[in-house]
Amino acid sequence: MDFQERDEFDSIKPVVVVSACLGFRECRWNGVMINEPLISWLKNEVEFLPVCPESEIGLGIPRAPIRCVLDENDPEKIRLIQPRTGADCTDAMDEFLNAFLDRLGEVDGFLLKSVSPTCGRENIKIYQFADRPNVSRRGEGIFTRLIRQRWEPVPIEDEGRMHNYLLREHWLTSIFTLARLRAVGREGRMRALVHFQAENKYLLMSLSQSVLQRLGRLVANHEKLPFETVYTSYRAALFEALVHPPSVGARVCVLEHLYGYFSDQLSSAERDYFFDLLEEFRRGAMPLSTPIGLIQSWALRFEDEYILRQRFLSPYPTSLVHSYDTASHKIPMAPVST
């Protein structure tokens, strides 16, 4: 793949469903909009599809708060109740959310409002009774639960968890990787899928050695299967690889592999410096971008195009990289100056 072809894939923006209250509309229960810096930071690189389930079913802005409540006849079913009015919004919400997902089309991820009874990703209070403070358990919001039940396993995050560097980095890596694969699917050629596999080799290695090998066998396509058949299996396996962030140890292993391309051409001082950086990264005192920058400088110096196009080195736009990100700290988000 030449760099012109790669530039075309680099221009692909992930499509992300987002809670509308996170910087798009004044639609929270109290009638305000959250000016979330994360959204301002991402808007130039991501195509957002804002939605507010509560306002879409006519609950009004502002509105009385709603709760997730156990169905007294079915403990596996969660009802959406407005305690102040006694309104049961469950059926209306189910109808809207199912219709929304039916017409949604291809998306690469979800970024939803934390602690929301509809959109919350985790730790949502599920009450035993609508009018009492007894919390029976905690779980997902109704929208998030439905997404997991009937949607593809695309990355789902909330704005609170995105302040953690490792979670944010993995979510960004996932949505941009899936967006580029979506472009490959539209192109519909095995050649494009082969190139995708080649440029993601070390990214996939950091996620799962076994999935990397499985994807390699799919792309080899010894059975001469149609593109759509291979693509469908490939996409499912990629989802599996992206479920969990890579470990520090797996990334160190990949960095050592990449170093091996240049080790014979480096001075002893350069080799020592690399392993010093690697140790700093291993203990969480150094951002991944630092050893990656060193690998990229060697690839430029020795004109190694294969390494330069590895997505492990740049899984998402550099405008979304913070120089102070480390593996062991939660970083407060702030918009990047443009």
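Where is the place of P62? I looked this up before anything else, and P62 turns out to sit in the loop between α3 and β3. A reminder to myself: this is a predicted model.

**Entry: the backbone**

I went to P62 for its peptide bond. The bond from I61 to P62 is cis, and I noted an omega near -5 degrees.

Then I checked phi at N221. The value is near 50 degrees, so to speak on the positive side, in a residue that is not glycine. I placed N221 in the loop between α9 (209-220) and α10.

**Entry: α6 against α10**

Next I took helix α6, residues 165-187, and helix α10, residues 227-241. Their axes come within 11 Å and cross at roughly 175 degrees. Angles over 145 degrees count as roughly antiparallel, and therefore I wrote α6 and α10 down as roughly antiparallel to each other.

Which residues make the contact? From α6 I listed T177, L178, L181, R182, V184 and G185. From α10 I listed F227, E228, Y231, Y234, R235, L238 and F239. Sorted by class, this contact of α6 with α10 gives eight nonpolar, two polar and three charged residues.

**Entry: α6 against α7**

I stayed with α6 and turned to helix α7, residues 190-199. The axes of α6 and α7 are 9 Å apart, and the packing angle is about 160 degrees. This pair is therefore roughly antiparallel as well. I also noted the hand: α6 passes α7 in a right-handed crossing.

On the α6 side, the contact is made by T177, R180, L181, V184 and E187. On the α7 side, I found A192, L193, F196 and E199. The class count for α6 with α7 is five nonpolar, one polar and three charged.

**Entry: α7 against α10**

That left the pair α7 and α10. How far apart are the axes of α7 and α10 where they pack, and at what angle? I got 10 Å and about 25 degrees. That makes α7 roughly parallel to α10, since angles under 35 degrees count that way. The crossing of α7 past α10 is left-handed.

M190, L193, F196 and Q197 of α7 meet F227, V230, Y231, Y234 and L238 of α10. How many charged residues does the contact of α7 with α10 have? I counted no charged residues there, against eight nonpolar and one polar.

**Entry: the largest pocket**

Last, I looked for open space. The largest pocket holds about 470 Å³. It is lined by 25 residues, and the closest to its centre are W29, I66, V115, S116 and P117.

Which elements give two or more residues to the lining of the largest pocket? I wrote down α3 (53-56), β3 (67-71) and β7 (124-127). The largest share comes from β7, with three residues. By class, I have the lining of the largest pocket as 15 nonpolar, four polar and six charged residues.

One cross-reference before I close the notebook: α3 and β3, which both help line this pocket, are also the elements on either side of the loop with P62.

Methods:
Residues numbered from 1 in each chain as written. Predicted model: local features only at pLDDT ≥ 70, side-chain atom pairs only at ≥ 80, totals over all residues. Heavy atoms only, no water. Axes fitted to C-alpha atoms, helices over the stretch in contact; angles between N-to-C directions. Helix = DSSP H or I, 4+ residues; strand = E, 2+ residues; numbered from the N terminus. Parallel < 35°, antiparallel > 145°, perpendicular 65-115°, else oblique. Contact = heavy atoms within 4.5 Å. Nonpolar A, V, L, I, M, F, W, Y, C, P; charged D, E, K, R; others polar. 1 Å grid on protein atoms, 1.4 Å probe; cavity = no way out; pocket = protein on both sides within 12 Å on 5 of 7 lines; lining within 4 Å. Points joined across faces, edges and corners; volume = space filled by probe spheres on them. Left-handed = near helix turned anticlockwise from the far one by under 90°.
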